[in-house]
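Let's take a walk through this model, piece by piece. Keep the structure open while you read.

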Amino acid sequence: MITGVKVRLIPDKEQEKLLWQSSGTARWAYNWCLDKQINNYKNGGKFIPDGVMRKELTELKKSEEYKWLNNISAQIPKQAIKDCCNAFKKFFNKESNFPKFKSRKKSIPSFYNDTHKLSVKETSVLIEKVGWIELSEDNRIPVKSDKIKYYNPRITHDGKYWYISAGIDEKVDGRELSDKSIGIDVGISSLAICSNGIKFKNINKTKKVKKLKKKLKRFQRQVSRKYLINKEGEKFAKTNNIIKLERKIKLLHRRLKNIRNNYIHQSTSTIVKTKPRRIIMETLNISGMMKNKHLSKAIQEQCLYKFKETLRYKCEKYGIQFIEADKFYPSSKMCSHCGYIRKDLKLSDRTYICPECGLVIDRDYNASINLEHYEVPVTQSS
């Protein structure tokens, strides 16, 4: 299967300048293609294929005005055009929203590197028209061979460091699995409660994250005050102090994101290492859950969708069957001992008390046990 690898780059000042130029060119090409498609549609034209757009870009590079495009790898703007056209196709298939222009301030700087011109050594990697760049980890990316291929290599900047990521096609040996199943109930009070007794706490309630969130809130208030002080009529002036504070805010957001991502990977790896035969998880209606104004922020910080997708690909990697229970399956309302369904159960009831058999159990743990014994309907694909 294809597994993703992401490694930090350590460029020198000249190389970093070239990386910024490459990412800027990719952003420009994406916006140029998007503008062409929108104007063509307004004039009554049809969707322009990426092949036609690429040929037009090649002709554009011959002019004196766009001669600077020749200093950058030809594959970078071409792939950006293809990405823009693919975004339109997803929109037409109702898989995503209408494509938006990429902002220099808000969008993530990134660009594509041709797989045929990507060379890897133990300690460095070759980026086209940038040169050999040192890697922060040795032997992290396997050297290309007849058995190992690279897919969709991308160079990105996360606000602090440059990274290279690529898909690696490699064979993964399957694990010897047990006959056990694990039911997982996710929530806000705890990230996940497993039927085997393993419980993963809410990382956002820890002292470390709370301290960072408090610091973030303080910086945001400072920025807001400075914007109001330096307001010129109806416009907001951006001073150097505001720029410094916004930089600090961006780095804090980055740190919180990395803490949450790391915790999700640790949690899912712990679950997979128990080697169950199958894992059953409740179906999550994230968009519906986000409509609750009292819980939307807590749900967003929990990253429940990322938890599910991370667990799914790790199950696929090691041959574990991953099942999502039917959304109408009453995992929380059903008694795990006698099967009685308590219809009057509220969200505020954190302890499940069965009026039929008298069972007293934690609500989330009860749901995870029910999910463990979930039977897949014949019509439902597993």
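**Cysteines, sheets and cores**

Cys85 is buried, with a relative accessible area of 0%; buried here means under 20% relative accessible area, exposed means over 50%, and partly exposed covers what lies in between (1.4 Å probe, protein chains only). This is a predicted model, in which local features need pLDDT of at least 70 and side-chain atom pairs count only at pLDDT 80 or more, while totals for chains, interfaces and linings use all residues. Residues are numbered from 1 along each chain as its sequence is written, and side-chain values use heavy atoms, with hydrogens and water left out.

Back to that cysteine. The closest cysteine sulfur to the sulfur of Cys85 is in Cys33, 4.0 Å away, which is too far for a bond. Cys33 is buried too, with a relative accessible area of 0%. For the sulfur of Cys33, the closest cysteine sulfur sits in Cys84 at 3.7 Å, again too far for a bond. A disulfide is a pair of cysteine sulfur atoms within 2.5 Å, and by this rule the count comes to 0 disulfides.

Now zoom out. The chain has 9 helices and 16 strands, taken as DSSP runs numbered from the N terminus (helices are H or I with at least four residues, strands are E with at least two). Its C-alpha atoms fill a box of roughly 85 × 65 × 50 Å, taken along the principal axes. Of the 382 residues in the chain, 40% are buried. Contact means heavy atoms within 4.5 Å; among contacts in the chain with a separation of 6 or more, 66% come from residues 24 or more positions apart.

How far can you trust it? The pLDDT, the predictor's confidence in each residue from 0 to 100, averages 90 over the chain, and 98% of the residues score at least 70. Confidence is highest in β2, at 96, and lowest in helix α6 (residues 286-289), at a mean of 79.

Next, a sheet to trace by eye. Seven strands, with the order β2-β6-β7-β1-β5-β4-β3, make an open sheet with antiparallel pairing; two strands pair if DSSP finds at least two bridges between them. Each of β2 (110-112) and β3 (119-120) has a single partner strand, so these two stand at the edges with one side left without a neighbour in the sheet. Inside the order, β6 (residues 149-157) pairs with β7 (residues 162-169) in the antiparallel sense over 7 bridges. One place to look is Lys149, whose bridge partner in β7 is Asp169. Helix α1 (residues 13-42) packs on this sheet, touching β2, β5 (131-135), β6 and β7, and its direction makes about 80° with that of β2. Helix α3 (residues 75-92) also packs there, touching β2 and β6, at about 105° to the direction of β2. For these angles, axes are lines fitted to C-alpha atoms (for helices over the stretch in contact), and values run from 0 to 180 degrees between N-to-C directions.

What fills the inside? A nonpolar core is a set of buried Ala, Val, Leu, Ile, Met, Phe, Trp, Tyr and Cys residues joined through side-chain atoms within 4.5 Å. The largest one has 39 residues, of which Leu9, Phe111, Val125, Ile127, Ile141, Ile155 and Ile164 touch the most other members. At least two residues of this core come from each of β1 (2-10), α1, α2 (50-60), α3, β4 (124-127), β5, β6 and β7. Helix α1 gives the largest share, 8 residues. A second, separate core holds 35 residues, including Ile184, Cys194, Leu256 and Ile299. In soluble globular proteins, nonpolar side chains tend to be buried together.

On to another sheet. This open one has 5 strands in the order β10-β9-β8-β13-β14, with mixed pairing. Strands β10 (199-201) and β14 (321-324) are at the edges, each with a single partner strand, so one side of each lacks a neighbour in the sheet. From one strand to the next, the twist averages 20°. Strands β8 (residues 181-186) and β9 (residues 190-194) pair in the antiparallel sense over 3 bridges, and Val186 stands opposite Ala192 in β9. Helix α5 (residues 240-272) packs on the sheet, touching β8, β9, β10 and β13 (278-281), with its direction at about 175° to that of β10. Helix α8 (residues 304-317) packs on the sheet as well, touching β8, β9, β13 and β14, and its direction makes about 150° with that of β14.
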